[in-house]
Amino acid sequence: GFNLLIWGSMDLTDVKENSLKFTDLAFYFDYTHNLGPITGTLGYVHYTYPGSKYGPSFASTGELYCNTVYDLKFACLSFSGNLDLMEAKGFYLIPGIVKSFAFGNIAPEIKISVGYGSNKHNRYYYGVDKSCFTDFTGSLTFNITLPNEIGKYLSIYGNVNYAMLIDSDLTSVIADNKNFYAGLGISLCFGGNE
């Protein structure tokens, strides 16, 4: 049930003169356990922002996080929470609903969620000292398992997302308050079960 993940975001378009440089890195360590229809994860993530010679980087920070999913058969209820320990010192909660499908080797999933931030969280990330519902996110993710022997070790995944800020105090200070984004990745598994 233990998981270690290193994630990075690299600028490919040179919008901020960071072409082919990592602008942020995250290191996750967590533990996941199943209790009947409930799956729970508890972990810690450390964020660091390497920045570049063209501008200052943000201070590194770390968060405790938990994720729970309750299986209702027709869909799943999800709940996530993050508590920043170093910089923001605030919390962020995300209730949501998830529906998964299966079409052969393709497994799409639809998720709708709403975020709620404490006043410390919102002051750090948005400059607004107010506890409120912050954002709405709709996501379509998919996993493709390759056929035959290679499917034991290699899978492809992706996502398409739409996010928007929903509180008027936040949208008044953040001009770019609606975003569409997508991602594509490859997962390799070593030492799979026979």
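A salt bridge, as I use the term here, is a side-chain nitrogen of Lys or Arg within 4 Å of a carboxyl oxygen of Asp or Glu. I note up front that I am working with a predicted model.

**Entry 1: salt bridges**

I started with D167 and K130. Their closest N and O atoms are 3.1 Å apart, and the pair is a salt bridge. Next I looked up where the two residues sit. D167 is in the loop between β9 (154-165) and α2 (168-171), while K130 is in the loop between α1 (119-126) and β8, so this contact ties together parts that are 37 residues apart in sequence.

Are these two buried or exposed? D167 counts as buried because its relative accessibility is 13%, and the limit for buried is under 20%. K130 comes out at 28%, so I wrote it down as partly exposed.

Then I checked what else K130 touches. Its side chain also meets that of D169 in a salt bridge, 2.8 Å from N to O. D169 belongs to helix α2 and K130 to the loop between α1 and β8, so here the parts being tied together are 39 residues apart in sequence. D169 is partly exposed at 33% relative accessibility. I drew K130, D167 and D169 as one linked network of salt bridges.

How many salt bridges does a search of the whole structure find? I got three. One of them joins the side chains of D129 and R123, at 3.1 Å from N to O. I have both partners down as partly exposed: D129 has a relative accessible area of 49%, and R123 is at 40%.

**Entry 2: the sheet**

Now the strands. I traced an open sheet of ten, in the order β1-β2-β3-β4-β5-β6-β7-β8-β9-β10, and the pairing is antiparallel. Which strands stand at the edges? They are β1 (2-10) and β10 (178-188); each has a single partner strand, so one side of each is left without a neighbour in the sheet. I also noted the twist: neighbouring strands are turned by 20 degrees against each other on average, ignoring direction.

A reminder to myself from class: strands of a sheet pair through backbone hydrogen bonds, either parallel or antiparallel.

I followed a few pairings by hand:

- β1 and β2 run antiparallel and are joined by nine bridges. N3 stands opposite D30 in β2.
- β2 and β3 (residues 38-48) also run antiparallel, joined by eleven bridges. I found T39 in β3 as the bridge partner of N34.
- β6 (residues 91-100) pairs with β7 (residues 106-117) in the antiparallel sense, over seven bridges. K99 has I110 in β7 as its bridge partner.

I zoomed in on the turn between β2 and β3. The two strands form a hairpin with two residues between them, and G36 in that turn has a positive phi of about 65 degrees.

**Entry 3: aromatic rings**

How many aromatic pairs are there? My count is six. I picked Y28 and Y65 to look at: they are edge-to-face, 5.9 Å centre to centre, with 75 degrees between the planes. I write edge-to-face because the angle between the planes is over 60 degrees. Y28 lies in strand β2 (residues 22-35) and Y65 in strand β4 (residues 61-71), so the pair ties together parts that are 37 residues apart in sequence. Y28 is partly exposed, with 21% relative accessible area, whereas Y65 is buried at 7%.

Y116 and F133 were my second pick. They are edge-to-face too, with centres 5.1 Å apart and 75 degrees between the planes. This pair links distant parts of the chain, since Y116 is in strand β7 and F133 in strand β8 (residues 132-145), 17 residues apart. I marked both as partly exposed: Y116 at 25% relative accessible area, F133 at 46%.

I also found a cluster: F2, F29 and Y31 form one aromatic group together.

Last, I went back to K99, the residue I had paired with I110 across β6 and β7. Which ring does K99 lie over? It lies over the face of F101, at 5.7 Å from the ring centre.

How values were computed: Residues are numbered from 1 along each chain as its sequence is written. This is a predicted model: local features need pLDDT of at least 70, side-chain atom pairs count only at pLDDT 80 or more; totals for chains, interfaces and linings use all residues. Side-chain values use heavy atoms; hydrogens and water are left out. Two strands pair if DSSP finds at least two bridges between them. Helices (H or I, at least four residues) and strands (E, at least two) are DSSP runs, numbered from the N terminus. Axes are lines fitted to C-alpha atoms, for helices over the stretch in contact, and angles run from 0 to 180 degrees between N-to-C directions. Rings of Phe, Tyr and Trp (its six-membered ring) pair if their centres lie within 6.5 Å; planes under 30 degrees apart count as stacked, over 60 as edge-to-face and the rest as tilted. Buried means under 20% relative accessible area, exposed over 50%, partly exposed in between (1.4 Å probe, protein chains only). A charge sits over a ring if NZ of Lys or CZ of Arg is within 6 Å of the ring centre and within 35 degrees of the ring normal.
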